[in-house]
Every structure is written in structure tokens, then in C-alpha cells.
Amino acid sequence: MAWPTSRGSSAAGAPLPARTTLTDLRARPVTELPGVGPRIEAALGALGVATLADMISHYPSRHEDLSNVKRISELRVGERATVVGTVVGTRPVGRPVRGRSPGFSAQLYDGTGYLPVTVWGRGWLLNQLLPEVRVVVSGEVQSRYGIQLVAKSIEVVDDPAGEDGPHSGRFVPVYPVNKGIQARRMRTLIHRALDEAGRVLDPLPAELLARHGLPNLHDAIHEVHFPTDRPRLKAAMRRLVFHELFLIQTGLAARKARLDRTEVGGRHPGDGSLLNPFLRSLPFGLTPAQERVISEVLDDMRLEKPMRRLLQGDVGSGKTVVAVAALLTAVEAGGQGAIMAPTEVLAEQHYLSISAALAELPIEVVLLTGSQTAAERRAALEKIEGGEAHVVVGTHALIQRGVEFRDLSLVVVDEQHRFGVGQRTVFREKGTTPDTLVMTATPIPRTLSLTLYGDLEVSVIDELPPGRKPVETRVVDPAGGRAEAYEEVRRELEEGRQAYVICPLVEESEALEDVRAAEELHEELAGEVFPDRRVGLLHGRMRAQEKREVMASFRAGEIEVLVATVVVEVGVDVANASAIVIEGAERFGLSQLHQLRGRVCRGTHPPRCFLVGDPKTEDSGRRLEALEEHQDGFKLSEVDLAIRGEGTLFGSRQSGMPDLKVAKLLRDIDVLVEARREAFALVADDPTLKRPDHRPLRREIRELLGSNVEWLFRE
Ligand code: ADP
Ligand code: MG
């Protein structure tokens, strides 16, 4: 194996190439590389590669392992195999569509025999697959007039420059490429970029790497591009994953340290004068998980340091009680508490249930939503500003301009995943460093919550109230099983229960199309399926007063079947509802379906859920099956993560953090836990990373997280 620079582990005495930092490399455009003109620059740009730093961190998506290749003469029908050979010729195959063939066949020769290889799609490869070009193909060996191979992948490995080039190693890196840049060119360019870059200095402390047995950054980058062997490749991958997670975790740890240092809030030591009577009045006992979480919250509130806590608990686990306990504690200490919900339906429900629960207490609960009349709004605002309102319940209306609190000392954000970072911040700014409790039922696996909420303390309600039955969930085919599903719903109604029927999602946001679909479904159910039952309709375009009336009569049991759009997705709580039919189930996301199903997990009667759907893709099929199989939201969100991939979940809207490039949270949980522990330890030791040996790290985090983290490292 040649090119010594890429094996540049710094054996004592060996001359080292020029030293450089990632920062330096970020300042050097790809056009510095020989062979990169405007056309290639544009093609690289489309892949997000603009600088030498981007270039060397454009990691392969996989490697072709040439040590496992088979000789053509040894191939057996039915096996999967990798073959290396030279191209003899190519021809189109299949019936052309609009003048273009759907695939091509390439004849390969490897010294032991000839092999026809069929490739579907990828027609743009044809102008590379010229006679004598060496390729590696893998795929399935089939029998068709003799044997042939149907290619899953085909890569050019030939290097006209000779034996030692970047295409000749045992592992051939396969890069994400596009039409403008061919695989071979990409390999050549990356090889050149690595040479150009010289010795890349490591921003992570050497002592830390040694403790975890991780290679330094320079070696890891080289190894990942052009591996020597499998164990070293694995170690290099681990290093890059650690690198990415460690930087993010250090940023989070620094943010938390900064807040802990600078934020002073009020102490809110409750005396129990409101909380105790409230808890005594509950018609049920708290679950141990609720008790634990409430005491975690109260402990936080007692401190001067403002609480920043995330409460995670599956749908129906009883988070509202915890919120009310916190609100009452804030009021006991003389302040105001506010809770914000993402929908009007939910805000109204909270308002009704909280005011009912607190009816005996000397407390005023006030509602603020966008659909109130001018007079209602004025009255509410006056009470909020004057301090007569102790507990304020509302929607986004709470964070609008003109809403002034007298002394807001606690903010609670319900269903926090439906709000952006910015909205939570504005909410907090309505008070002076108030305590903050954000709640979510969207089950975020532990991995993700560690990362997303790295600067929040996390409390988890990990058990449901006693007596809850699993929801029997069935996927039914719209043609065959639908009528039967409604028969079963009818049986529930006959026992005095109620049901939801959820309309298929027509548009992303609730548009006129959805309203029409909802009205049609309502008509069908009221007229044909349940002509003898009271069927109601609820959708987002109804006037607030209408919505309120519909929800009130559903709660009162007057409406027996509620046809609704996703307006009821989160939070809605009617314990007597025991069945839910979700029409067009294949169009909903997994966590949305889990939330919707959660509408019927609230009583003690065995609930039923029918997913009417005709999954057209493999993914939607897997989603529906997962719901049949699992009840647990944590499990489901892992499945969801596995199906959807992770890139978008980690979006900056939620977290303010960059997307992950190398790490996969599910796969890399152990690395995440290590990286997190190390990051928090390092920051505890040196909160502003001002020690000379931490400076490269600080610079790297700044560049990664952008200028808005500047304040993190101020004393
Ligand atoms: P979520 O966590 O989804 O917000 P809620 O707070 O709406 O759940 O609670 C769901 C239902 O469970 C409500 O009707 C609530 O009154 C009830 N509940 C909450 N805690 C308990 C408990 N410890 N025992 C029995 N029922 C409870
Ligand atoms: Mg809730």
C-alpha cells in the first residue's frame, strides 16, 4: 500500500507534513485543488462541498471490500457476490421509455470467465464503462441463458495512473456523488485534498482520546477514506462519531454552565397551602412516577437558580397533574404561573379541567386564546397584568405583544415539540428568569432526549396510571375490513362508550380540502353508518364557539361519535371514549398515530383502535405494523427513527443544534453517553474553555455552532 501521507501516524522521528487546522482548511476553497474548475466546483457545491475542510470530511457512505471478491468461474446461482473484472462492452437492455433504456448490460472478464451484468437505471455510468475499465460489482447471481449478475452496486476501481492510486486499495470508498461528478473523480479529489491538507491538528485533548482508545483526528480521517483494515476503520469511524457528538455536547454543557452561572431567578418554596388541598381532592392517587417527578420539580423551584426541566411521559401518563402542582407552587410563593398549549381545543380543555380542579381554592384561573372576543381578551389581559390572574392558560396568544404579566414566575409549555425554540424563549421572557417546565408526550428515545435537551434536566414519567388496558390495534383494509371495524365500534357505542373517527389527512396544514373531506366523512357516518347515533364534527376551520360546543357535548356524552381532523391529535382527554377509527392511516406519521391512539387510552375499559389504511410504501406498512405490535411510545419512536432516518429529527428548529453528519443516535448510543459524560466533566473543570489546551476545542465549537454561541464562553 502506498501514499505514505495517508498512513501518517506520527512514528517518532518520521518527518511530518505541514500542520494545519480545520479552521485553516475552511478558508481554502476546493478550487485550490488541481483539476477543480468551475464545472467540478459547481458539482461539488451541490453536494455541500466548498472548501478543503468539506472535502476531507465528505466521508464515504460505505466501502467496497475487495478482499471478498469471487472469481467468475466460481459463481453459484442464487448467491450474492462481489466480482472485479474489466469491461468488455455494454449495451442497453429493456424496453426504452421516451427514447431511454431503463438499464444496461455490461460484459465483464476477470481471467476466469465472462459475466453479463445487468444494471437497472444509472445510465449515466455508461460513458465511464469503456472497454478495459476495471470495475467492482456486487449483486445477485441469477440464471438466464447461463449465469448473469444483477448489480446492486457497480463502481469503477480502475486507476489509469497506476497501482498506487486511490482506487487500488483493498477497501474502495464509495462516496455520495451526483451526476456532475463521477465516483472515480471524487476519490481522486479527496485523495488530493488529503495530501494538500497536510497534518490536521486535533481539537480534542490528547489525554481524552487516549483514555477512550480513540485515534487522532488526522489518522481517523485518512483511515475512513482509505482504510488499511477493518479494525482500524472501525476505530476511525468511532472517533468521528465521538468527535461530532462531543462537540455538540460540549456546546450544550457550556450553555448550561453559563446559564447556571448567570441566571438568578426567584426562590419558590411552596408551603403546600394550595398544593396539598389540590392533591387531596384528586379522585385518584398519584402514581409513584408522578410523585417522584413532582418532587423533582418542587426541589428545582425551591432553588434560586431557575428551573429548566423537561418532563417526558407517554400519552396519558398524567403530566397535567404535575403541571398543576408546579403552577400552584408558583402561586403559593406569591407569583403567577402560565401554561401554553399548541391548540385551542387543548387550551380550553386545560382551562376547564384546571378551573374545575381548583374551584375550591382561592385562586383565579384565566384563559387567553386568539379567538376570544375583544371584551373577553381585554378582561383577561387586565387580570394578567394586575396580578388577579394567578394561573393563566392559553395558546400562542400568551406570547403575543401586549400580554404583560405582573409577576410570572413559572412557565409550562405543554406538548413542547409543537413549539419552536424561539417561541419558548419569548414565553420565558414574559417573566424575569421564571422557572420553566416543558412537557412532551412525543416519545423521544433517551438517546435523542440526551442530545436535544442536553441543557435541560429531564424527568420521566415511566408508568401509566393503574388499570389502563393496552389498546387493541388492528390495521384494516379500506375495501374489506372497514365495514366490520365500524360494526365493532357500534358494539362499543351500545355499551355506552364513545368513539372518535379521524379523517384522512389531505393536506399538510388543515386546508379547505381537509374540511371538505371531513364534512363528507361526517355525512357518510351520520347518514349511513350510524344513522341512529349522534355524530358530531370537529375541524380546525370551525369558529371557536362551535368547537367549544362540540367538545362540550362530546365530553358530556351527548355526541357519541366524534368525526374529527387532527385537531384532536394532542392532549384531548375524554375518558369514556374507547374506540378510535383512523381513516387513511397510511398518511399519518408514526408519532401522530400514536398520539391519536392515545385519545382512547384514558379510561379503564379495554380500548380499540382501527387503522384503516392501504399502505402503498414499505415504510408506511412498517409504521402500521409497528402500531399493531407496540403500545409503548418509546419503543415506537425508536422504530420511527429507524424508518425515517435521523437527519431531520435533529433539526435546528427544535434544538438550535446542527444536524448530525456521521453519528446515528440509535446505533451510537454508547458513544453518545461517553461523549456527554466527558463533555460535562470538561466544562465543569473549565467552564469557558479558556485553558490553552482547550482553545482549539473552543474554536471548533464556535465554528460548528455559529456566532450565536459567542456568549457561551464569556466569563
Ligand atoms: P398526558 O400525560 O397525556 O397529558 P393527562 O394528564 O391528560 O395525560 O392524564 C390523562 C388522564 O389520566 C386524565 O384523565 C387524568 O385525570 C388521568 N390521571 C392522571 N393521573 C392519574 C392517576 N395517578 N391515576 C388515575 N388517573 C390519572
Ligand atoms: Mg397532556
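In the predicted model, an oxygen atom of ligand 1 is placed 2.7 Å from an N or O atom in the side chain of D573. Two further side chains approach the ligand through polar atoms: one such atom of K319 lies 2.7 Å from an oxygen atom of ligand 1, and one of T320 lies 2.6 Å from an oxygen atom of ligand 1. The surroundings of the ligand comprise 16 residues, of which the closest are G316, K319, T320, R468 and D573; K319, T320 and D573 thus appear both in this group and in the polar pairs described for K319, T320 and D573.

The β-structure includes a closed barrel of 5 strands, which follow one another in the order β3-β4-β5-β7-β6 and pair in a mixed manner. Between neighbouring strands of this sheet the average turn is 55°, with direction ignored. Strands of a sheet pair through backbone hydrogen bonds, in either a parallel or an antiparallel sense, and pairings of both kinds can be followed here, as mixed pairing implies.

Strand β3, which spans residues 80-93, takes part in two of the antiparallel pairings described here. With strand β6 (residues 134-143) it is joined in the antiparallel sense over 7 bridges, and within this pair V84 is found opposite V136 of β6. With strand β4 (residues 103-109), β3 is likewise antiparallel, again over 7 bridges, and V93 of β3 stands opposite G103 in β4. A parallel arrangement is provided by strand β5 (residues 114-120) and strand β7 (residues 147-156), which are joined by 2 bridges; in this pair T118 faces V150 of β7.

Turning to the packing of nonpolar side chains, the largest nonpolar core contains 61 residues, and L44, M55, L245 and F246 are those with the most contacts inside it. Helix α7, formed by residues 230-262, contributes 12 residues, which is the largest share of this core. Apart from this core lies another, made up of 41 residues that include A323, A330, L358 and I461.

The surroundings of L44 can be resolved in further detail. When residues up to four places away in sequence are not counted, L44 touches V30, V36, V49, M55, I181, M186 and L189. One of these partners, M55, is itself listed with L44 among the residues that have the most contacts inside the largest core.

Definitions and conventions: Residues numbered from 1 in each chain as written. Chains lettered and ligands numbered in written order. Predicted model: local features only at pLDDT ≥ 70, side-chain atom pairs only at ≥ 80, totals over all residues. Heavy atoms only, no water. Pairing = 2+ DSSP bridges. Helix = DSSP H or I, 4+ residues; strand = E, 2+ residues; numbered from the N terminus. Axes fitted to C-alpha atoms, helices over the stretch in contact; angles between N-to-C directions. Core = buried A, V, L, I, M, F, W, Y, C linked by side-chain atoms within 4.5 Å. Buried < 20%, exposed > 50% of the residue type's maximum accessible area, 1.4 Å probe, protein only. Contact = heavy atoms within 4.5 Å. Near = heavy atom within 4 Å. Polar contact = N/O pair within 3.5 Å; in protein donor to acceptor, adjacent residues only side chain to side chain.
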